[in-house]
Each structure stands twice: as structure tokens, then as C-alpha cells.
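This report describes selected features of one protein model. The sequence and the coordinates come before the text.

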Amino acid sequence: MLGARVSSHDAIAEGVAIIVFARRPSAGRVKTRLARSIGKRRAAAVYAGLLGRTIETVEDAAFERRWLMPASADEAHYFRSRFAHRGWQVRTQCRGHLGRRMERALKSVLCDGGAAVLIGSDIADFIADDLVEARRALAAGADAVIGPVRDGGYWLIGASRVIHDAFCHIPWSTARVFDRTIDRFKRHRLEW
């Protein structure tokens, strides 16, 4: 995404929510591939820093509705106790593969009305302006938004309506994720 400048006069775009998939930063449960080279505690510390940055950046982007969705029910209390007072709602992700969890998360928030943007919690280089640009596009009538990354995936996806099968049979963790997702957008004739 190209970064649109955020002015102090920007109003919160009503009806656009953000979802952040998150995990409790516990040694041995996060950044497991990184942990093989730097150790479990250091990997958890890296993740904790990324999670904190993600939360602050989302808050700077001034979404009206913010959802933290931990991967398991036992993590929900951790997030509620730390972030509910800052305006975050917490809902546990469903079980299943990544695509199923993403589809269900978006659908659950879209059913409340408006549009939704979904991101992970360990993205190192996004800024609030990127989120504002996605929010503006959805508020202006785009069916979907997506933030590509160099490895062939994406770091952000959003929709203004439920897109059935958008995440089915996607070869996750490959260089074909973005292209396959765009093919789905085209098949559904979405403006993105």
C-alpha cells in the first residue's frame, strides 16, 4: 500500500473495524522458527516488542472498533486484562487452518456491520498511515483491500462484505498467496 498522509482533521471512518490476530508473548509459543536460532526467551521478547508496536500503531490509526483475536481461549483473559481499558474488544479465533480462522474472524466482525481490516501482530514495518489508507478505501466503497509483501504473501487484508471461499485452498506460507487471493477477488468481481 502507498502511505496516505494522516491529517489531524481526519475523522474516524465509521463502520470500519480492525482485527489483530495475536498470541500471548510466551517463550516457546511464539516466533518458533526464530527461536531455533536465538532462543525461546529472546524470540518471545522480539514478539512482545512487535505486538506492542502493532497495538500502538493501530491505536494511532484511530479505528472506531478494534478487535484483538488471540489464537486460543486461554489467552483471551491475558489480552482483556491488558487492553480492554484501552478500547480493545477481545474474541478468540476459531479453530482450524489459517484461512478458516481469517474468514471466520472477518465474517464475525462484518456481521456487526461496516467493513473490517485484518492484520497480524508481528509486522515490523507498517505505519498508521497504511492502515488509514486501507480504512479510507473501504469507507469509500472498495470491496476489498490487500497489502502485498515481497515474499508473495500479504500483511493486510480487508473487506466491506463477506467474501465466500476467499481463503480456501490458498497455499499458505508460499510465494503464491497474494496471487491466489487476487484471483479470488477477480473471480468474485471485487473492486480492490
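The paragraphs below treat aromatic pairs, charges over rings, empty space, two individual residues and backbone angles.

**Aromatic pairs**

The model is a predicted one. It holds four aromatic pairs. In one of them, Phe79 and Phe83 are stacked, with 6.2 Å from centre to centre and 25° between the planes. Both residues belong to helix H3 (residues 73-83), and because they are four residues apart there, about one helical turn separates Phe79 from Phe83. Phe79 is buried, as is Phe83. The ring centres of Phe185 and Trp192 also lie 6.2 Å apart, but their planes meet at 55°, so this pair is tilted. Phe185 has a relative accessibility of 0% and therefore counts as buried. Its partner Trp192, at 46%, counts as partly exposed. Ring pairs also join Tyr78 to a cluster with Phe79 and Phe83.

**Charges over rings**

Two arginines have the charged end placed over an aromatic ring. That of Arg53 sits over the ring of Phe126, at 5.2 Å from the ring centre. The charged end of Arg91 sits over the ring of Trp67, and here the distance to the ring centre is 4.1 Å.

**The largest pocket and the largest cavity**

Rolling a probe the size of a water molecule over the atoms shows where empty space is left. The largest pocket has a volume of about 1400 Å³. Its lining consists of 38 residues, and those nearest the pocket centre are Leu98, Gly120, Asp122, Ile123 and Tyr154. Two or more lining residues come from each of strand E1 (16-22), helix H1 (32-38), helix H4 (98-110), strand E4 (115-119) and strand E6 (154-159). Of the elements, E6 gives the most to the lining of this pocket, namely four residues.

One cavity of 30 Å³ or more is counted. The largest cavity holds about 90 Å³ of space. Among the residues that line this cavity are Glu103, Leu106, Lys107 and Leu110, together with Ile157, Gly158, Ala159 and Arg161. Val162, Ile163, Ala166 and Phe167 line the cavity as well. H4 and E6 are the elements that give two or more residues to the cavity lining. H4 gives the most, with four residues.

The table sets out the two linings by residue class.

| Space | Nonpolar | Polar | Charged |
|---|---|---|---|
| Largest pocket | 22 residues | seven residues | nine residues |
| Largest cavity | eight residues | one residue | three residues |

**Thr181 and Ala71**

What surrounds Thr181, apart from its neighbours within four places in sequence? Its contacts are Ile146, Tyr154, Ile157 and Ile170. Two of these residues appear above: Tyr154 is one of the residues nearest the centre of the largest pocket, and Ile157 is part of the lining of the largest cavity. Thr181 itself lies in helix H6 (residues 177-187). Its relative accessible area is 0%, so Thr181 is buried.

Ala71 is placed in the loop between strand E2 (65-70) and H3. With a relative accessible area of 22%, Ala71 is partly exposed; the value lies above the 20% under which a residue is called buried. When neighbours within four places in sequence are left aside, Ala71 is in contact with Ala22, Arg23, Thr92 and Gln93. Lys40 is 31 residues from Ala71 along the chain, and the C-alpha atoms of these two residues are 19 Å apart.

**Positive phi angles**

Most residues other than glycine have a negative phi. Where in the chain does His169 lie? His169 is found in the loop between E6 and H6. It is not a glycine, yet His169 has a positive phi of about 55°. This residue is exposed, with a relative accessible area of 72%.

Arg189 likewise has a positive phi, near 55°, and is a residue other than glycine. Its place is in the segment after H6. Is Arg189 buried or exposed? The relative accessible area of Arg189 is 76%, so the residue is exposed.

Key:
Residues numbered from 1 in each chain as written. Predicted model: local features only at pLDDT ≥ 70, side-chain atom pairs only at ≥ 80, totals over all residues. Heavy atoms only, no water. Phe/Tyr/Trp six-rings, centres within 6.5 Å; stacked < 30°, edge-to-face > 60°. Buried < 20%, exposed > 50% of the residue type's maximum accessible area, 1.4 Å probe, protein only. Lys NZ or Arg CZ within 6 Å of the ring centre and 35° of its normal. Contact = heavy atoms within 4.5 Å. 1 Å grid on protein atoms, 1.4 Å probe; cavity = no way out; pocket = protein on both sides within 12 Å on 5 of 7 lines; lining within 4 Å. Points joined across faces, edges and corners; volume = space filled by probe spheres on them. Nonpolar A, V, L, I, M, F, W, Y, C, P; charged D, E, K, R; others polar.
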